[in-house]
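Student: I've never looked at this one before. Could you walk me through it?

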Amino acid sequence: MPRRFLQRYMPKPDTIRKQRSLRFMAPLIADPGLWLLTRRSVANAFSVGVFCAMLPIPFQMVVAALGARLTRCNLALSVGLVWITNPLTMPLIFYGNYWIGTFILGAPVREAPSRISTRWIAEQMHDIMPPLIVGSLVTAVMLAIVVNIGIRLIWRWHVSHNWKRRRQIRRQRRAQIEAEFDDKV
């Protein structure tokens, strides 16, 4: 994974510590291990962030921050990835999770009325929640595993690709130097 690319867009720990609204979290944010960009910390941060994004709970960012602290992964990435489920994508993602939950539990899929209201949701909550929770947990675990493995493979490929490119450049320079030396002799 391009470390420089990630560092360019990540916030700096000092700027976060200086914000008044986050001063109470300064001891938690001060840990330098939560800001590392290694293959392990980035892959685990993606897992934590995607896992928390798939959960239909409030305060997903807080849960992701606690998960980053527990797994010692990159805090900024894990908290930022929670925004996969933003107000635009949340209905589609949670409906997909609900559908997977109904498939796993063998429950019938509830048809939405032509006009969804909070009253309809409150009345159907008893029937909707079990499939939604099961589907969300299954989706969260599966995506977290797939993302973790995918990030590690991409990171490994990127490092290997850079090593091969460096080796090729060294060979070209060596050949150029040998050619210049042969021309002089």
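What follows is a short question-and-answer tour of this model.

Student: Before we start, what kind of model is this, and how many helices and strands does the protein have?
Tutor: Keep in mind that this is a predicted model. Read along the sequence, the pattern goes α-α-α-α-α-α-α-α. That fits the count, which is eight helices and zero strands.

Student: What percentage of the residues is buried?
Tutor: A residue counts as buried when its relative accessible area is under 20%. The protein has 185 residues, and the buried share of them is 32%.

Student: Which helix gives the largest share of the largest nonpolar core?
Tutor: That core has 24 residues, and Trp35, Val42, Phe46, Ala64, Leu75, Leu77 and Ile151 have the most contacts inside it. Helices H4 (39-53), H5 (60-71), H6 (75-80) and H8 each supply at least two of its residues. The largest share is seven residues, and the helix they come from is H4.

Student: How many residues are in the second, separate core?
Tutor: Its members include Met54, Tyr98, Ile128 and Leu132. The size of this second core is 10 residues.

Student: Are H7 and H8 roughly parallel or roughly perpendicular?
Tutor: H7 covers residues 90-105 and H8 covers residues 118-184, and their axes come within 6 Å. The crossing angle is roughly 100 degrees. Angles from 65 to 115 degrees fall in one class, so H7 and H8 are roughly perpendicular.

Student: How many charged residues are in the contact of H7 with H8?
Tutor: On the H7 side you'll find Phe94, Tyr98 and Ile104 among others, and the residues they meet in H8 include Ile128, Leu132 and Val138. By class, the contact has 11 nonpolar and six polar residues, and the number of charged ones is zero.

Student: Why is cysteine 52 not bonded to cysteine 73?
Tutor: A disulfide needs two cysteine sulfurs within 2.5 Å. Cysteine 52 is buried, at 4% relative accessibility, and cysteine 73 is buried too, at 0%. The structure holds zero disulfides. The closest cysteine sulfur to that of cysteine 52 is in cysteine 73, and this is too far for a bond because the distance is 9.3 Å.

Student: Is phenylalanine 59 buried or exposed?
Tutor: You'll find phenylalanine 59 in the loop between H4 and H5. Its phi is near 60 degrees, a positive value in a residue other than glycine. Exposed means over 50% relative accessible area; phenylalanine 59 has 66%, so this residue is exposed.

Student: Where does arginine 72 lie?
Tutor: Arginine 72 isn't a glycine, yet it has a positive phi of about 55 degrees. At 38% relative accessibility, arginine 72 counts as partly exposed. Its place is the loop between H5 and H6.

Student: What distance separates the C-alpha atoms of tryptophan 155 and valine 42?
Tutor: Tryptophan 155 is in helix H8 and is buried, with a relative accessible area of 6%. Along the chain, tryptophan 155 and valine 42 are 113 residues apart. Their C-alpha atoms are separated by 9.4 Å.

Student: Last one: among contacts between residues at least 6 apart in sequence, what percentage joins residues at least 24 apart?
Tutor: A contact here means heavy atoms within 4.5 Å. Take the contacts between residues at least 6 apart in sequence, and the share that joins residues at least 24 apart is 72%.

How values were computed:
Residues are numbered from 1 along each chain as its sequence is written. This is a predicted model: local features need pLDDT of at least 70, side-chain atom pairs count only at pLDDT 80 or more; totals for chains, interfaces and linings use all residues. Side-chain values use heavy atoms; hydrogens and water are left out. Axes are lines fitted to C-alpha atoms, for helices over the stretch in contact, and angles run from 0 to 180 degrees between N-to-C directions. Helices (H or I, at least four residues) and strands (E, at least two) are DSSP runs, numbered from the N terminus. Angles under 35 degrees count as roughly parallel, over 145 as roughly antiparallel, 65 to 115 as roughly perpendicular and the rest as oblique. Ala, Val, Leu, Ile, Met, Phe, Trp, Tyr, Cys and Pro count as nonpolar, Asp, Glu, Lys and Arg as charged, and the others, Gly among them, as polar. A nonpolar core is a set of buried Ala, Val, Leu, Ile, Met, Phe, Trp, Tyr and Cys residues joined through side-chain atoms within 4.5 Å. Buried means under 20% relative accessible area, exposed over 50%, partly exposed in between (1.4 Å probe, protein chains only).
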